[in-house]
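This report walks through one protein chain for a reader who has not met it before. Please look over the sequence and the structure before reading on.

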Amino acid sequence: MTTIKASLTTWPVVRVLRDRNAGLYLSSVVVSGFGTSALWLVSGVWVKDLTNSDGLAALCMLAMWLPTLAGPLLGTLADRGRRKPLLIGVNVLLGACLLTLVSVDAPGDLWLLYAVLFVYGAAGVVHDAAESALVATAVDSSLLGDFNGLRMTATEGMKLLAPLAGAGLYAAYGGASVVLLDAATFVLATGLYALLRVREEKPAPPAGSRRKRTAEGARHLWAHPVLRPLVLAGGATMLCAGVNGAMVYAVVDDLGHSPAYAGVLYAVQGAGSVAVGLLSGTALRRLGERRFAAYGVALLAVAVALRAVPSDPLALVCGAAIGAGLPAVLIAALTSVQRETSGPLLGRVTATANTLVYTPNVVGLATGAALVELVGHRLVLVALGGALLVTAALLRPPSVGVRPPPADVSPSSRA
């Protein structure tokens, strides 16, 4: 019994959860993620109810995703000052902006909804960059993989629960009630960030032009032999994942189910992501970032290709495998960015990496929507499986050599 207790105490996931700062970070992810996931679903339903337009409803997602294109520029904000006050300020700003939406009750008010969703997306880019940079200073480097895995688990867990809760709240009390819920989660997240115990030194005044500072994140990623292949593989994987996501209703139709069955597939996929998040830290230590990412992409490739077979049991297995395989390259890339980048540059590098990794997903969704009508989903899924296998093969470990140190590392840069 004593041995089991000692093993649990030294298990990295338990060590992360017992760390005060890590626990507060993860709690804020759960709280704000719940509100964001609820609003993500309800905003489209809200617009659909007001206008009966699928196109206008889809613009909600576009408004939230569009600011990621400006990730390199927005990321500079995360490097201009202390990250903890910035996170608190972003949460207060979002909570205040959301309160303006309680007056939306007619099609003529939708401009305000789109504007707030755009600000929501832009603030999210800054928030993610600042949070990643602050986490890298507050969490032990050896536990970053475990932390990022738990963060993925928390995020995916909220995606399973929050949309249902948001839909129920919307059906009972309308869109304003979901807005108030999301605003409340930001208030609570603000309190959690205020409780963090981190020591940050004020960054040095920015040097060079704004264009030069913005480009530094991209230059660092491109020049770094560890980060470049992971970020490029992440972008390629998310492009394929977007195309695959557009096939889901065709897959459901091929199985002979109603469109609502897609919810079952998404739930199984989310369960797979939750599971891999708990195991990612150990896998990263044993395999290294590139092997872990490659194995995850390879699993994703097989699962995507097998979705072309119309079988209910196989569809469920493939859904879980997709959920387990897809996050691997995302966790590996983020953890490597945090480990291989110095503090003063980390906000810009994180935001640039997120732009390069997640923007292709939007392109993939649009491409998949066109291909499923022109070609049919089975051929597309098999082709995607082949493309993902190539991506996994290109993630072979680098030649043995000296690993380059992070740029501009100094004792004060990790304070």
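## Cysteines

No disulfides turn up when the whole structure is searched: the count is zero. The model is a predicted one. Two of its cysteines can be described by their burial. C60 has a relative accessible area of 2%, so C60 is buried. C318 stands at 3% relative accessibility and therefore also counts as buried, the limit being under 20%.

## The chain as a whole

The protein chain contains 17 helices and zero strands. It has 415 residues, and 49% of them count as buried. The accessible surface amounts to about 18700 Å². Carbon and sulfur atoms hold 68% of that surface.

How are the contacts spread along the sequence? Taking the contacts in the protein chain with a separation of 6 or more, 85% are between residues 24 or more positions apart.

## Two nonpolar cores

The largest nonpolar core has 56 residues, and within it Y25, L98, L101 and F147 touch the most other members. Several helices each supply at least two residues of this core: α3 (20-51), α4 (54-65), α6 (83-99), α7 (110-138), α8 (144-173) and α9 (175-194). Helix α7 gives the largest share of the core, 16 residues. A second core of 54 residues is separate from this one, and C240, A283, L300 and L345 are among its members.

F147, one of the residues named for the largest core, can be followed further. With its neighbours within four places in sequence left aside, F147 is in contact with V16, A22, Y25, L26, V135 and V139. Y25 thus appears in the contact list of F147 and among the residues that touch the most other members of the core.

## A position in helix α7

A122 is placed in helix α7. Its relative accessibility is 18%, which means that A122 counts as buried, since the limit is under 20%. When residues up to four places away in sequence are not counted, A122 touches P67 and L74. A122 and L66 are 56 residues apart along the chain, and their C-alpha atoms are separated by 8.2 Å.

## Salt bridges

How many salt bridges does the count give? The count comes to six. Three of the pairs are described here one by one.

D146 and R285 form a salt bridge in which the closest N and O atoms are 2.6 Å apart. D146 belongs to helix α8 and R285 to helix α13 (residues 262-287), so this pair ties together parts that are 139 residues apart in sequence. D146 is buried, with a relative accessible area of 2%, whereas R285 is partly exposed at 41% relative accessibility.

A salt bridge also joins R348 to E216, with 2.5 Å between the closest N and O atoms. R348 sits in helix α16 (residues 343-374) and E216 in helix α10 (residues 210-223), so parts 132 residues apart in sequence are tied together by the pair. R348 has a relative accessible area of 9% and is buried, while E216, with 22%, is partly exposed.

In the pair of R378 and D254, the closest N and O atoms of the salt bridge are 2.9 Å apart. R378 is found in helix α17 (residues 377-394) and D254 in helix α12 (residues 248-255), so the pair ties together parts that are 124 residues apart in sequence. R378 is partly exposed, with a relative accessible area of 41%, and D254 is partly exposed at 27% relative accessibility. Elsewhere, D128, E131 and R151 are joined into one network by salt bridges that share partners.

## A buried glutamate

E289 lies in helix α14 (residues 289-306). Is E289 buried or exposed? Its relative accessible area is 11%, and because buried means under 20%, E289 is buried. Which side chain does the side chain of E289 meet in a polar contact? The partner is the side chain of R339, at 3.4 Å.

Note on methods. Residues numbered from 1 in each chain as written. Predicted model: local features only at pLDDT ≥ 70, side-chain atom pairs only at ≥ 80, totals over all residues. Heavy atoms only, no water. Helix = DSSP H or I, 4+ residues; strand = E, 2+ residues; numbered from the N terminus. Buried < 20%, exposed > 50% of the residue type's maximum accessible area, 1.4 Å probe, protein only. Polar contact = N/O pair within 3.5 Å; in protein donor to acceptor, adjacent residues only side chain to side chain. Contact = heavy atoms within 4.5 Å. Areas by Shrake-Rupley, 256 points an atom, 1.4 Å probe, with all protein chains shown as cover. Core = buried A, V, L, I, M, F, W, Y, C linked by side-chain atoms within 4.5 Å. Disulfide = S-S within 2.5 Å. Salt bridge = Lys/Arg side-chain N within 4 Å of Asp/Glu carboxyl O.
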